[in-house]
Amino acid sequence: MSYLVGHYNCKLDAKGRVLVPSEFKEQLGDQVEEGFVLRPGLHAHCLELYTKQDWNEVQDQLRAKFSQFNKKQEAAMRRYDAGSRFVKLDASGRLLITKDLIEKASLTKDIVITSVTTKMEIWDKDLYEQSINEDLSDEEFFNLLDENIK
């Protein structure tokens, strides 16, 4: 698993391309060449960007816990994978985000790419700032840390 570190303000061009920060590419090393999986955010109004290796680990976890022969479990797997795209950086180090994913995450020209444990998230800058300030109160945030990190 890759644990990335970073938070970067970026620009989305008119064709839906964003230059992935060189600091992320440096941290990822050879994994950049393997490509990425881009999907709609699970719990937030953003996009999630996984390395191929980390995506495969998530898929392995799903396969280990869920059965394709159980209708609800298969529906959950299908729903989790819905909207996922395999993507590679172009020769200039840019990532192409499809129009449907741009719309789903309400991305505008100003975006944020930030690390969250084993993935990166791509946010509209204003929505990101709103989320950081509104999703958890300071008390909830510190209580979660206190309860779960010893």
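Q: In this predicted model, is Trp-55 buried or exposed?
A: Let's go by its relative accessible area, which is 8% for Trp-55. Anything under 20% counts as buried. So Trp-55 is buried.

Q: Which residue forms a stacked aromatic pair with Trp-55?
A: The ring centres of this pair sit 5.7 Å apart, with 15° between the planes. Planes under 30 degrees apart count as stacked. The pair links distant parts of the chain, since Trp-55 is in helix H3 and its partner, 25 residues away, is in helix H4. That partner is Tyr-80.

Q: What kind of aromatic pair do Trp-123 and Tyr-128 form?
A: Both Trp-123 and Tyr-128 are buried. Their planes are 70° apart, at 5.7 Å centre to centre, and an angle over 60 degrees has its own label. The pair is edge-to-face.

Q: Which residues touch the most other members of the largest nonpolar core?
A: This core has 24 residues, and helix H1, strand S3, strand S4, helix H5, strand S7 and strand S8 each supply at least two of them. Take Ile-122: leaving aside neighbours within four places in sequence, Ile-122 is in contact with residues including Leu-38, Leu-95 and Val-112. The residues touching the most other members are Ile-97, Leu-107 and Ile-122.

Q: Where does Leu-136 lie, and what is its relative accessible area?
A: Leu-136 helps make a nonpolar surface patch of about 540 Å², along with residues such as Phe-141 and Ile-149. Leu-136 lies in the loop between helix H6 and helix H7. Leu-136 is partly exposed, because its relative accessible area is 35%.

Definitions and conventions
Residues numbered from 1 in each chain as written. Predicted model: local features only at pLDDT ≥ 70, side-chain atom pairs only at ≥ 80, totals over all residues. Heavy atoms only, no water. Patch = residues over 30% accessible without salt bridge, like charges linked within 9 Å, V, L, I, M, F, W, Y side chains within 5 Å. Areas by Shrake-Rupley, 256 points an atom, 1.4 Å probe, with all protein chains shown as cover. Salt bridge = Lys/Arg side-chain N within 4 Å of Asp/Glu carboxyl O. Helix = DSSP H or I, 4+ residues; strand = E, 2+ residues; numbered from the N terminus. Buried < 20%, exposed > 50% of the residue type's maximum accessible area, 1.4 Å probe, protein only. Core = buried A, V, L, I, M, F, W, Y, C linked by side-chain atoms within 4.5 Å. Contact = heavy atoms within 4.5 Å. Phe/Tyr/Trp six-rings, centres within 6.5 Å; stacked < 30°, edge-to-face > 60°.
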